[in-house]
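User: Please take a close look at one part of this model for me: the place where two of its chains touch. After that, place it among the other parts.

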Amino acid sequence: MRLLINKIFLGLSILSAGIGLAFLAWILITLFMKGLSSFHFSLFLNDLIEGGLRNLIIGQLILAALASLIGIPLGMTAGIYIQEYGQGKYASLIRDLSDIMMSAPSIVIGAFVYAIIVVPTGGTSGWAGAIALAIMMIPVVINTTDSMLSLVPRELREAGIALGASKYKVIIDIVIKAAKVGIMTGILLAFARIIGETAPLLFTSETSNYFSLNLNESFPSLTVSIYDLANEPEESSRDLAWAASFILTVIVLIINLTGRFITRNKK
Amino acid sequence: MEKIFQKLSLASATLVFVLLVGIFLTLYSAAKPAIDEFGLGFITNPEWNKEVVVPTAQDTANRAEALNSDDDAITDEDDVMIADEDDEIADEDEMLLDDEDESVTKTIYGGLVPIVGTLLSTLIALVFALPIAMGIAVFLAEIAPKNISNIVGIAIELLAAIPSIIFGMWGLYYFAPIVAGIVGGYQVSLLTAGLVLGVMILPFMAAITRDSMNTTPAVLKESAYALGATKFEVIKDIIFPYSKVGIIGSIILALGRALGETMAVAFLIGSIFVLPKAINDPTISIPVAMANNFGEASGLGESALFYLALILFIISFAVISLAKFYFLKKAK
Amino acid sequence: MPVMNIKKFSFTYPGVDHPSLKSITLPIKKNKITALIGPSGCGKSTLLRSMNRIHDLYPGNKYDGKIELLDLDTGKYQNILEIKKENEFIELRQKVGMIFQKPTPFPMSIFDNVAYGLKIAGIKNKSELKDRVENALKGSALWKEVHDRLDKSAMGLSGGQQQRLCIARAVAVKPEVLLFDEPTSALDPISTGAIEELIVELKKDVSIAIVTHNMQQASRISDYTAFMYLGDLIEYDKTENIFLNPKEKQTEDYITGRFG
């Protein structure tokens with residue numbers, strides 16, 4: 001009897017894993033089939049207004065890159081503060097708040113940026129979108145930096161100090177270098193996460209059918225356009241949405257796998 | 001130099017605090033007009049963007065007289081009258097200036113529908129994802145051989161990395177028709193939205209539950225096996241009790257994710273401000289209400305959306321804090 | 001002449017009401033090796049870590065008494081417990097180097113590891129850096145093993161080599177005193193032998209204090225030995241006296257292995 005229960009239980013558990021994998025396969029197969037059948041290299045050459053995706057892909061990459069440019073230095077220095085300088089209550093308060101912010105609804109971040117940037121500046125803009133993504137990214141970078149620095153042995157810091165290096169030299173030359181791989185992986189995963197975000201961009205950057213590098217106006221976004229296209233009645237728009245989703249997913253998965261590969265190689 | 005660097009890092013850390021407080025204050029001040037207008041009754045009011053007649057000054061005077069003479073003559077204040085079908089947001093001041101119109105109208109907003117939609121879709125997601133996620137976690141932590149566990153683990157984590165908008169599209173065009181075919185009713189509904197949301201939080205929930213289970217010391221498991229316990233008994237009697245707090249924390253954290261999810265739900269929930277009567281009726285959730293109405297809204301309507309955002313922010317703040325600071329801290 | 005004079009030194013960790021070191025008085029003699037021994041928790045590492053004030057990385061410690069460091073140029077003593085300014089700390093740590101229990105190679109090349117202390121001390125001249133790195137590596141008996149891969153990561157060295165690299169790194173800045181905190185406890189016997197030889201070799205140029213839980217090691221390499229117990233200095237004498245003819249009962253019990 002005990003053995004039977006055991007068998008049933010184990011069977012159910014394996015079944016669950018099978019269901020999970022089946023969903024993954026289902027989503028990926030759908031995406032590849034629909035995406036590939038609508039995929040064409042001309043999508044990379046034409047803008048949305050001409051039926052292509054060029055401006056959207058470039059726009060999304062610019063938004064995410066700009067967000068990283070803002071978010072990575074801020075997140076890293078804040079993480080350094082928590083792990084290396086912070087003492088007692090304040091540092092752990094910041095750590096807790098950052099943890100909460102990491103799980104804050106992304107649409108709320110969008111609404112926040114809408115209120116503090118879009119409304120005062122009179123319209124949606126690339127800057128607003130990038131800042132919304134940066135706010136999403138900061139707590140993730142803080143979390144990675146904090147936990148990766150905490151893995152650096154205390155002795156390594158002491159050895160630097162014992163040689164007569166000042167604290168910030170030790171942090172920059174030794175501690176960060178020692179934690180480099182972990183931090184880089186974390187940042188890559190954070191980048192993969194924000195590049196696939198839609199909700200924070202809906203009313204900050206919005207999207208645009210045209211190629212644009214002007215960050216002061218509505219900015220082309222792949223994800224926001226996917227949402228628009230997918231809701232349009234024409235079959236052709238939806239096919240374009242699938243092709244765009246396929247490209248987006250490939251980008252996200254490549255970045256993700258690169259991150260994992262780096263860590264694994266290091267080990 | 002040392003000082004500058006230290007100050008700089010302190011400033012960045014403080015930015016987190018400023019941002020979080022800033023988000024709260026900004027949402028609050030943007031929601032202030034709606035909060036002043038509707039108060040806490042907003043939460044229980046099922047009407048959204050509905051024009052109602054407000055009594056004019058003369059009406060009020062008449063009613064005051066009526067109140068004095070006869071109680072029965074009072075019109076029930078809760079009984080709101082629909083002025084017209086026009087969806088345009090009425091500007092109250094403009095209407096007051098309009099001397100021809102005797103019955104002045106105003107637009108009211110209530111948050112009950114999206115709040116209920118958010119809670120119910122999350123609940124469905126949880127009911128659907130919980131058993132499967134637990135099964136996957138047990139499989140990864142205890143059953144699968146190490147190499148299989150690693151591969152499946154990576155696959156599950158990749159599923160977690162897929163952008164939520166993809167889940168929404170897949171859900172709308174491929175998953176919902178099948179669900180509707182089985183259950184009946186609309187393809188866009190609370191049920192399909194909840195299920196797709198469940199699929200979306202599944203990998204996240206499974207991954208962090210597995211991590212919690214992995215904290216069980218090997219010695220503990222080995223001593224149970226040494227007594228002749230089966231795998232099921234070890235999992236039930238040793239691993240679950242040991243990592244219980246961490247598992248609960250993981251579940252609540254996944255719940256926090258589900259509450260704030262926009263895109264996976266936006267494709268499927270139907271986006272109409274109507275309370276669902278059945279599980280396969282369409283309705284709306286807070287993030288979806290924001291996503292689909294922010295662009296067009298202005299004035300009080302926009303403020304009401306900020307009110308919703310504030311409510312969502314507070315709920316998820318509370319849920320996440322509970323998970324992180326009660327359960328997950330305790331688990332450590 | 002002692003290069004360091006510890007006088008009535010007491011030390012209290014933050015949040016603890018009793019001192020971990022109680023009124024310790026001890027000289028560190030010039031070009032000699034002084035071993036600090038005692039059972040774990042006796043305060044020997046705490047004392048060593050006070051001598052370059054590495055404790056001050058963590059706030060809230062209380063010091064009492066004096067630790068005087070001889071300035072070899074002027075012949076004057078300076079009480080290092082009075083140091084408050086960042087640049088004075090840096091100066092102190094350039095004069096008093098430290099080697100840790102576990103090897104602590106920095107995540108950079110072998111050359112850059114040894115050159116690190118020199119670079120932060122302001123030496124920029126390439127050929128001078130090269131010479132001093134070479135000398136330090138030769139002085140640490142590591143040159144032969146690594147001279148053809150100076151630009152390779154220091155993480156690729158064996159544990160014993162890493163520890164000798166750390167010694168080279170500390171020696172390169174030409175300190176007056178070197179503090180060794182159980183430098184061989186993470187190493188195999190052969191590497192340990194090499195490090196012990198190296199330490200004895202080093203005392204020509206530098207004064208040495210070494211914490212060790214290995215009594216054979218103390219007797220093999222040190223000139224003076226201090227036995228500590230529960231935060232007190234029980235006995236300090238020439239090493240042969242401590243091991244052959246201890247005056248205190250507790251010292252005798254410890255070195256004959258009756259406790260510890």
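Analyst: What follows starts at the contact, then turns to chain B and chain C. Keep in mind that this is a predicted model.

Start with the contact between chain A and chain B. Chain A brings 70 residues to it, and chain B brings 67 residues. Which elements of chain A give two or more residues to this side? They are helices: H1 (2-38), H2 (54-85), H3 (89-102), H4 (106-121), H5 (126-150), H7 (167-178), H9 (222-230) and H10 (235-266) of chain A. H1(A) gives the largest share, 20 residues. Now sort the chain A side by residue type. It holds 48 nonpolar residues, 17 polar and 5 charged.

Next, look at the partner, chain B. This chain has 12 helices and 2 strands. Follow the chain from the N terminus. A helix comes, then a strand, then two helices and the other strand; helices make up the rest of the run. Of the 332 residues in chain B, 45% count as buried. Now take the contacts inside chain B with a separation of 6 or more. Residues 24 or more positions apart account for 78% of them.

Chain B is also assigned domains. Domain 1 covers 45-108, and domain 2 covers 113-331. How many residues link the two? On the domain 1 side, 5 residues are in contact with 7 residues of domain 2 of chain B. The domain 1 side divides into 3 nonpolar and 2 polar residues, with no charged ones.

Now move to chain C. Here you find an open sheet of 4 strands. Read across it, and the order is E2-E1-E4-E5, with antiparallel pairing. Which strands sit at the edges? They are E2 (21-29) and E5 (77-79) of chain C, and each pairs on one side only. From one strand to the next, the twist averages 10°.

Zoom in on one pair in this sheet. Strand E1 (2-12) and strand E4 (62-70) of chain C are joined by 7 bridges in the antiparallel sense. On E4(C), C:Tyr63 stands opposite C:Phe11.

E4(C) also has a part in the next picture, around helix H2 (86-95) of chain C. The buried residues of H2(C) are C:Phe89, C:Ile90, C:Arg93, C:Gln94 and C:Lys95. What covers them? The cover includes E4, strand E6 (96-99) and strand E7 (177-181) of chain C. It also includes helix H6 (154-162) of chain A. That brings us back to chain A, where we began.

Conventions. Residues numbered from 1 in each chain as written. Chains lettered and ligands numbered in written order. Predicted model: local features only at pLDDT ≥ 70, side-chain atom pairs only at ≥ 80, totals over all residues. Nonpolar A, V, L, I, M, F, W, Y, C, P; charged D, E, K, R; others polar. Pairing = 2+ DSSP bridges. Axes fitted to C-alpha atoms, helices over the stretch in contact; angles between N-to-C directions. Buried ≥ 20, exposed ≤ 12 C-beta atoms within 10 Å, placed from the backbone. Domains from an automatic or database assignment.
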